[in-house]
Amino acid sequence: MEFIGSSYKGDIKNDRMEGTGEYTFPTETKYVGEMKDGMFHGKGVLYFPTGSKYEGTWDKGLAKQGTFSFADGLVYQEKDWEYLDSDDRRFYSEKLNGLKPGGESQRTNLDPPHIIPDGCYDCGDGFYNPTTRVISDYTGTFLRNADDQEHEWILRTCRRAWDEVVLHA
């Protein structure tokens, strides 16, 4: 595990993860739960660095059933999803806390939003620098290099540092 940047704290049997434990990936995503024969097996929770989590049941390393919750508490529903649908485009935090007064808009679910470094984009799990093609989390820790497909998607859809509201005088 140390060779790939992961770590494990917990029960071990025959030099393998067995019982209950905490496995941390190099991305700082963390699994806390039951293990068997070196794999996630049984009940467990994946905690993501963004604050979201997936609570589920695993079988031999594969998630079989579970629930994904975003950092703000919104629970993903595969059916009857009522968040940001065609009839209601409010952010979840706006549904919980109400809309801002006229003239003030909320541009992200996080209010106030992250301040994006100059020349970068907010891609949801961190900032993207299109010059270096590096995505770093909101604290500046390296997450990944963007491939061509992700690069194009970020440039096309994500909020940029130089996006600003221009009011007429």
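Strands here are DSSP runs of E with at least two residues, numbered from the N terminus. With that in hand, welcome to the tour; the model on your screen is a predicted one.

**Stop 1: Ser52**

Start by selecting Ser52, which sits in the loop between S4 and S5. Is Ser52 buried or exposed? Its relative accessible area is 6%, so Ser52 counts as buried, the cut-off being under 20%. Now show side chains and add Thr50: a polar contact of 3.1 Å connects the Ser52 and Thr50 side chains. Next, bring up the residues around Ser52. Setting aside neighbours within four places in sequence, Ser52 is in contact with Leu46, Tyr47, Phe68, Ser69, Phe70 and Ala71. Keep Phe68 selected for the next stop.

**Stop 2: the aromatic pairs**

Ten aromatic pairs turn up in a search of the whole structure. One of them is Phe48 with Phe68, a tilted pair with 6.1 Å from centre to centre and 55 degrees between the planes. Colour by sequence position and you will see that this pair links distant parts of the chain: Phe48 is in the loop between strand S4 (39-47) and strand S5 (53-59), while Phe68 belongs to strand S6 (residues 62-69), 20 residues apart. Phe48 is partly exposed at 27% relative accessible area, and Phe68 is partly exposed too, at 25%.

Now move to Phe127 and Tyr138. Their ring centres are 4.9 Å apart and their planes stand at 85 degrees, so this pair is edge-to-face. Phe127 is in strand S8 (residues 127-129) and Tyr138 is in the loop between strand S9 (134-136) and strand S10 (142-145), so the pair ties together parts eleven residues apart in sequence. Switch on a surface here: Phe127 is buried, with a relative accessible area of 12%, whereas Tyr138 is partly exposed at 28%.

Before leaving the rings, select Tyr23, Phe25, Tyr31, Phe40, Tyr54 and Trp58, which ring pairs link into a cluster.

**Stop 3: the open sheet**

Return to S8 and switch to a cartoon view. An open sheet of five strands runs in the order S10-S9-S8-S7-S11, with antiparallel pairing. Which strands stand at the edges? They are S10 and strand S11 (159-160); each has a single partner strand, so one side of each lacks a neighbour in the sheet.

For a last close-up, zoom in on S9 and S10, an antiparallel pair joined by three bridges. Pick Ile135, and you will find its bridge partner, Arg144, in S10.

Technical notes
Residues numbered from 1 in each chain as written. Predicted model: local features only at pLDDT ≥ 70, side-chain atom pairs only at ≥ 80, totals over all residues. Heavy atoms only, no water. Phe/Tyr/Trp six-rings, centres within 6.5 Å; stacked < 30°, edge-to-face > 60°. Helix = DSSP H or I, 4+ residues; strand = E, 2+ residues; numbered from the N terminus. Buried < 20%, exposed > 50% of the residue type's maximum accessible area, 1.4 Å probe, protein only. Polar contact = N/O pair within 3.5 Å; in protein donor to acceptor, adjacent residues only side chain to side chain. Contact = heavy atoms within 4.5 Å. Pairing = 2+ DSSP bridges.
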